Amino acid sequence: MMEDKILFLKEEFVPLLRQLQPTTQPVWGKMDAQQMVEHLRNAFKVANGKFQVTEMITTDASHLEKLQAFIMTDKPFRENTKSPALPDEPLPKRFDSLSTAIDKMEEELTAVFTVYEANPALEILNPVFGKLNFHQQVALLYKHVTHHLHQFGLKTHA
């Protein structure tokens, strides 16, 4: 199952995103297509360590344990799940086009695998889920990207 998630992230995810148009409307939520892609780019930057988290949002150890257990399940995030790490309104766009945003996001996704291939024992701090190893990162990223693919009608939950 982990191998399937890795394969999906490496080979299937970006081609699905490239089906998006700038005008593609979400099934739910406030982000437009480009804001969603840039949001995922930021998540990959946390996962690859380029955006270093210095402070945890989740500080209760028993809650953190439950969150880490959840990311290893096949249970999806609920629609309109709000990240405690983000403001209520979508962040402003950083790039001039959806296509550029996808290219930049893909670079960060690739870097996740590069970083962990170079150091398989690495654990990187996530502000909500705590220190995550490679398999936990893959599980969380898979859950996160499929959530947003579902949001834009590009993939249904299994």
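The following questions and answers go through a predicted model, helix by helix and contact by contact.

Residues are numbered from 1 along each chain as its sequence is written, and side-chain values use heavy atoms, with hydrogens and water left out. In this predicted model, local features need pLDDT of at least 70 and side-chain atom pairs count only at pLDDT 80 or more, while totals for chains, interfaces and linings use all residues.

Biologist: How far apart are the end C-alpha atoms of helix H5?
Modeller: Helices are DSSP runs (H or I, at least four residues), numbered from the N terminus. The expected span is 1.5 Å times one less than the number of residues. H5 has 18 residues, 134-151, so it should span 26 Å, and this agrees with the distance between its end C-alpha atoms, 25 Å.

Biologist: How many residues of H5 are buried?
Modeller: Buried means under 20% relative accessible area, exposed over 50%, and partly exposed in between (1.4 Å probe, protein chains only). H5 is mostly covered, and of its 18 residues the buried ones number 16.

Biologist: Which backbone oxygen does the side chain of Gln-151 reach?
Modeller: Gln-151 is found in helix H5. Its relative accessible area is 2%, so Gln-151 counts as buried. Leaving aside neighbours within four places in sequence, Gln-151 is in contact (heavy atoms within 4.5 Å) with residues including Pro-26, Gly-29 and Met-36. At 2.9 Å, its side chain reaches the backbone oxygen of Trp-28.

Biologist: Which helices each supply at least two residues of the largest nonpolar core?
Modeller: A nonpolar core is a set of buried Ala, Val, Leu, Ile, Met, Phe, Trp, Tyr and Cys residues joined through side-chain atoms within 4.5 Å. The largest one has 34 residues, and Phe-13, Met-36 and Met-105 are among those that touch the most other members. The helices that each supply at least two residues are H1 (2-17), H2 (33-47), H4 (98-118) and H5.

Biologist: How many residues apart in sequence are the parts tied together by Lys-10 and Glu-117?
Modeller: A salt bridge is a side-chain nitrogen of Lys or Arg within 4 Å of a carboxyl oxygen of Asp or Glu. Lys-10 and Glu-117 meet in one, at 3.8 Å from N to O. Lys-10 lies in H1 and Glu-117 in H4, so the separation of the parts they tie together is 107 residues.

Biologist: Is Lys-30, the partner of Glu-89, buried or exposed?
Modeller: The side chains of Glu-89 and Lys-30 meet in a salt bridge of 2.7 Å, N to O. Lys-30 has 53% relative accessibility, so Lys-30 counts as exposed.

Technical notes
Polar contact = N/O pair within 3.5 Å; in protein donor to acceptor, adjacent residues only side chain to side chain.
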